[in-house]
Amino acid sequence: FKSRFPGIELRLSDVVSDRCLDLITQGQADIAINAQPGNPLELDSRILFNEPMFLICHSSHPFASEAEISLKELKKQPFIHTIRSGSVWQHVQPFLGSAGVVDTGLEVSQLGTLGGLVAHDFGLSIVPQFALTLCIRTGVVAVRIKDKKAVRPIYLVKRKNHSLSAAAQSFYEQLLLEALDPKNTLMKQGG
């Protein structure tokens, strides 16, 4: 987009999902790529793709040698949670209840901290694919979760009944086209 429209200024706000939705509804941002769709009365949200979830565990854990695992295999495993207000926790929690993990009492807000705790064998956790670069380090292995429900939808969000500027509309349409492009492996990995 930047190469097609070099005179357009793009501004990025790297914030948690709830704050991201606030920026849209308050008119402080035109569009968002977000893990939550927001209120359908206020926002127009379209799924761009489904991001697969991965188990991260210590390299000495028996799961580390597996290509993929199912959620039911997590029964009685020590689990490190992400912060409850974050989108990762909001997506992981519904299927964790049936998995029967053991709560370690550890809850983190930073994915880098999560990776460090796993690297030091305090437990295991589940993260979305795009978070793996923040978590993977020496001693940490990622294993794909094969259950179909172990995905996090990623939405393209804008205010409902609100016109976008020509530049924002063009960017919005480009994102939608790229999401639909069968050659776009980044957005097709999970869905």
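**The cavity**

In this predicted model, the structure contains one cavity of 30 Å³ or more. The space in the largest cavity comes to about 50 Å³. To display its lining, select Phe79, His81, Thr82, Val88, Trp89, Val92, Gln93, Leu96, Ser125 and Ile126. Colouring this selection by class shows six nonpolar and four polar residues, with no charged residue in the lining of the largest cavity.

Next, colour by secondary structure. E4, H2 and strand E6 (125-128) each contribute at least two residues to the lining of the largest cavity. Which element gives the most to this lining? The answer is H2, with five residues.

**Strand E4 and its partner**

Select strand E4, residues 78-82. Four of its five residues are buried, so the strand is largely enclosed by the rest of the structure. Now add strand E5, residues 102-108. E4 and E5 run parallel and are joined by four bridges. To see how the two strands are aligned, select proline 78 together with valine 102 of E5, which stands opposite. Then trace the chain from E4 through helix H2 (residues 87-99) to E5; this β-α-β crossover is right-handed.

**Lysine 76**

Move to the loop between strand E3 (68-69) and E4, and select lysine 76 there. Is this residue buried or exposed? Lysine 76 has a relative accessible area of 63% and is therefore exposed, the cut-off for that class being over 50%. Its backbone also merits attention. Most residues other than glycine have a negative phi. The phi of lysine 76, however, is positive, near 65°.

**Asparagine 161**

A second residue of interest is asparagine 161, in the loop between strand E8 (151-159) and H5. Asparagine 161 is not a glycine, yet its phi is positive, at about 55°. With a relative accessibility of 79%, asparagine 161 counts as exposed.

**Glutamine 174**

Continue along the chain into helix H5 (residues 166-180) and select glutamine 174. The relative accessible area of glutamine 174 is 14%; because the limit for a buried residue is under 20%, glutamine 174 is classed as buried. With which residue does its side chain make a polar contact? Display the side chain of glutamate 178: the contact between the side chains of glutamine 174 and glutamate 178 is 2.9 Å.

Key
Residues are numbered from 1 along each chain as its sequence is written. This is a predicted model: local features need pLDDT of at least 70, side-chain atom pairs count only at pLDDT 80 or more; totals for chains, interfaces and linings use all residues. Side-chain values use heavy atoms; hydrogens and water are left out. Buried means under 20% relative accessible area, exposed over 50%, partly exposed in between (1.4 Å probe, protein chains only). Two strands pair if DSSP finds at least two bridges between them. A crossover is right-handed if, with the strands pointing away from the viewer, the path from the first strand over the helix to the second runs clockwise. On a 1 Å grid over the protein atoms alone, a cavity is a set of points where a 1.4 Å probe fits but cannot get out, and a pocket is an open set with protein on both sides within 12 Å along at least five of seven lines; lining residues have an atom within 4 Å of a point. Grid points are joined across faces, edges and corners, and a volume is the space filled by probe spheres set on the points. Ala, Val, Leu, Ile, Met, Phe, Trp, Tyr, Cys and Pro count as nonpolar, Asp, Glu, Lys and Arg as charged, and the others, Gly among them, as polar. A polar contact is a pair of N or O atoms within 3.5 Å; within protein, one must be able to donate a hydrogen and the other to accept it, and residues adjacent in sequence count only if both atoms are side-chain atoms.
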